[in-house]
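Colleague: Please bring up the model. I have a few questions about it.

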Amino acid sequence: MTGPSQPALDRLEGRTGLRAGVLFAGSTILLLAIWLFFIWRLVLPGGAVSFDVDFRVFWAAAQLAVAGDPLAAFDPARLIEVHGIAGDDWLPWVYPPTFLLILLPLGHLSFFAAWLVFTGLSILAILLAIRPLAAGNRGLWAAIALAPAMLPALLLGQVSVLWAAGLVAVLAALQAGWPVLAGVICGLLTIKPQLGLMLAIALLAGRQWTAIGVGAGVAVAFAALATLVFGPDYWSAMAEMGQSHLEVVRSRIAEGDFMVSAYSALVGLGLPEPLALGLQWGLAGVAAIAVWLAWSSDRIGPDLQGAVLLTATLLSAPYLWYGETALLAPALLLFLRADALPPGWVGYGFGLLLMLGAAPYILFQILTTGAQVPVRLFVSPVILAAFGLAMATLLSRRRAR
């Protein structure tokens, strides 16, 4: 794939890009290493089975599946029996059987070993996905792939970095003219289907029929295989738990300190929950229109199309946790490739916010032993501003051409 030659990227060539890579990627790896060493050194050798991070639910579900009882993952009490962390957090298993099939090998490992493998694969996936879009700039490649915005998901053992890698890989494959590969990855992204709506709209608007057909085939085959392994009753159990999970999340949305959607932010500002949810669906409609306008036009470059898709995905999701802000760093790379950042210090400052994501928040949480400050106060405006920039650039270039 031929790399772009926009001025914004030109300024990050050579030593500037290298410094960015050392600063951002180095900080992320250092903090992650300290965190993992702290857990291993102070917690696990003391006899604890697991640690209070989100990955404990993934590992416990995999353990139950290996033991021959995959449906027990939908019982929160059984999960607690396995991972040993009993707290006030509501962390159920609500994922499709395809994700459990991917996690199944980790059920044969100890918690810490499984977490290391999962983290390593997530880092490898995002590095491979970002590389084609970095246009040979190794510093920029490292800075984006290992940006601090990835840190919350990595520290918690969430699937967000892995899913972000898949979405970026779809964009890179389409730009390279490999629709079959893009379709295969789309089919695998159904492990977290709630974030895939904007991608489906983009493929339809872009008339990517090969990718759509291959993606649908892979998704059906993947689901059939997982159903064969875990049984058809898995789907009804998942639907029942999904409904319970939805009710719990809606009832706690005002106290949802870890959610960054516009819906949660509006409730946090005092709007009635039904009104906030209605406004959220209105924003999702605007996001869908933006994606359609970008991807249906042959005059809009693929980099801007990708930036619109990533920011629209974040804006449109009503239940968006701060780990998902890992998408902000790849969005910055696409803004740079499209030469869409504002000039001067405004652009530098905005780029820094996208690189950081929710990392300052989670570090604050760790250093203050869990002080409850809603992350949406800081991150939700950044998501809205990122989408606004993508939308403004899209409309400007459509008018200009």
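**A pocket and a helix**

Colleague: Which helix gives the largest share of the lining of the second largest pocket?

Modeller: This is a predicted model; local features need pLDDT of at least 70, side-chain atom pairs 80 or more, while totals for chains, interfaces and linings use all residues. Residues count from 1 along each chain, and side-chain values use heavy atoms, without hydrogens and water. A pocket is an open set of 1 Å grid points where a 1.4 Å probe fits, with protein on both sides within 12 Å along at least five of seven lines; lining residues have an atom within 4 Å of a point. Eight lining residues, the largest share, come from helix 6 (a DSSP run of H or I, at least four residues).

Colleague: Which other elements give two or more residues to this lining?

Modeller: The lining has 28 residues; Ala125, Leu162, Ala165, Gly166 and Ile185 lie nearest the pocket centre. Besides helix 6 (111–130), two or more residues each come from helix 5, helix 9 (160–175) and helix 10 (179–188).

Colleague: How far apart are the end C-alpha atoms of helix 13?

Modeller: Helix 13 has 19 residues, 233–251. At 1.5 Å times one less than that number, the expected span is 27 Å. The model agrees, at 28 Å.

Colleague: Within what arc do the buried residues of helix 13 fall?

Modeller: Tyr234, Ala237, Met238, Met241, His245, Val248 and Val249 are buried (under 20% relative accessible area; exposed is over 50%). They line one face, because their directions from axis to C-beta fall within an arc of 100°.

Colleague: Which residues on the other side of helix 13 are exposed?

Modeller: The buried residues pack against helix 4, helix 5 and helix 12 (heavy atoms within 4.5 Å). On the other side, the exposed residues are Ala239, Glu240 and Ser251.

Methods. Buried means under 20% relative accessible area, exposed over 50%, partly exposed in between (1.4 Å probe, protein chains only).
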